[in-house]
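Colleague: Pick one empty space inside this model and take me through its walls slowly. I'm new to this, so please spell out the terms as you go.

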Amino acid sequence: MLLLKPKVFLEFVEIKSLIASVLPFVLGSLYAVYNYHQLHLGYLVLFFIASSLFHMATNANDNYQDFLHAPRNTDNQEFLEATNVVGVNRISISQARLITFGLGGVSLIIGLWLVTKTGLPLLWMGLYSYAVGYFYAGGPKPISQGPFGELFSGFTMGFMIFWIAVFINTYDVAAITWSSALAVLVASGLAMFAITNIMLANNICDMDEDIALGRHTILYYLGKPTMLRVFAGSYVAGYICLVVAVLMGVLPKFSLLTLISAVPVWRNTRIFMGKQVKRETFILSIKNATLICLSFIVFMGLGLVFN
C-alpha cells in the first residue's frame with residue numbers, strides 16, 4: 001500500500017482546522033489555573049496529543065465517509081472528482097480507513113492510559129467524544145447529514161475539550177458537581193458558539209449541494225434566511241456567556257476586554273450575511289472563531305498575570 005504524500009495527508013486530515021480544538025484546550029487550561037491554581041503539565045501534553053490525533057481522525061473519517069456514501073450519478077460527479085479530497089487525490093478506501101483508525105487508535109490508547117491516572121469521569125467524557133467523532137459522518141444515520149450537526153460539533157469541541165482540559169488539571173483537588181459543570185459550560189460558551197458557527201457557515205454555503213446529496217441539515221428544515229439570523233445571534237450569545245462567566249467569578253475581569261473582538265467579528269459577519277460562497281466567505285467564520293478565541297486567551301492570560 002502506497003503512503004500518501006505529506007501534502008495530501010495533511011489535506012485529508014484537514015490540518016488547518018486543528019485550531020478549532022487547540023483553542024478550547026488552551027482556554028480550559030487557563031480556566032483551571034485561574035480557578036484551581038494548578039496544572040498537570042505532563043497529562044496535559046498527552047491529552048493535547050490525543051485530542052489532536054482524534055481531531056485529525058474525525059476529519060479523515062468525514063472525508064472518506066462522504067466520498068463512500070455520495071450517490072453515484074451525473075449530478076454528483078463534480079463532488080466526487082473535483083471537490084472531495086478522497087476523489088481528487090485518488091485515495092483508496094483502504095488507505096483512508098488505515099489512516100482514520102490508526103490515528104484514532106493511538107489517540108484511544110493515550111486516552112485510556114490517562115483514565116487510569118485521573119479517574120472514570122474522563123472515560124465517560126472520552127466515550128461521548130469518540131462516539132460523536134465517529135457517528136458524525138459514520139453509521140447508518142450520520143449526525144452531519146441531519147439537523148443537529150452544528151449542535152454536536154460546537155458542544156463537543158467548544159465545551160467538552162474545554163471541560164476535559166479542566167478535569168485533567170483538577171481531578172485531584174475538585175470533584176465534578178452540577179454547579180462546577182455549569183460554570184465550565186458558561187465559561188466555554190464564547191468558544192462553543194464561535195466553533196458552532198464554523199459548521200453552520202459550512203452548511204449555509206453547501207445548502208444546495210447537501211440537498212442534492214440527500215443531506216437534510218438544519219438548513220433544509222428552517223431555510224437560509226432563518227439560519228443566517230441564527231449565525232449572527234450565536235456570536236451575541238457567546239459574548240453574553242463571557243459577561244455572565246465574569247459576573248459568576250469564574251473568569252478574570254480582564255477577560256471582558258475580549259469584547260473588543262466584536263468589532264472585526266461583526267464586520268466579517270455582515271460580509272458573510274451578504275454573500276455565502278464557500279471559496280470566498282466561509283473562511284470568515286474561521287477567522288471569527290480564531291479572533292474570538294485568541295483574544296479570549298490573551299486577555300484571560302493577562303487576567304491571570306494581574307489578578
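Modeller: Let's go for the largest cavity: helix H8 (149-170) and helix H9 each give at least two residues to its lining. A helix here is a DSSP run of H or I, at least four residues long, numbered from the N terminus. Keep in mind that this is a predicted model, where local features need pLDDT of at least 70, side-chain atom pairs need 80 or more, and totals for linings use all residues. Residues are numbered from 1 along each chain, and side-chain values use heavy atoms, with no hydrogens or water.

A cavity is a set of points on a 1 Å grid where a 1.4 Å probe fits but can't get out, and lining residues have an atom within 4 Å of a point. Searching the whole structure turns up one cavity of 30 Å³ or more. The largest cavity holds about 100 Å³ of space, counted as the space filled by probe spheres set on the joined points.

Now for the walls. H8 makes the largest contribution, with four residues: Trp 163, Val 166, Phe 167 and Thr 170. From H9, which spans residues 178-187, come Ser 180 and Val 184. Ala 174, Ala 175 and Ile 176 also line the space. Tyr 36 joins them in the lining, and Tyr 36 sits at the end of helix H2 (19-36).

What sort of residues face the cavity, nonpolar, polar or charged? Eight are nonpolar, two are polar and none is charged. Thr 170 and Ser 180 are the polar pair, since Ala, Val, Leu, Ile, Met, Phe, Trp, Tyr, Cys and Pro count as nonpolar, Asp, Glu, Lys and Arg as charged, and the others as polar.

Terms used. Axes are lines fitted to C-alpha atoms, for helices over the stretch in contact, and angles run from 0 to 180 degrees between N-to-C directions. On a 1 Å grid over the protein atoms alone, a cavity is a set of points where a 1.4 Å probe fits but cannot get out, and a pocket is an open set with protein on both sides within 12 Å along at least five of seven lines; lining residues have an atom within 4 Å of a point.
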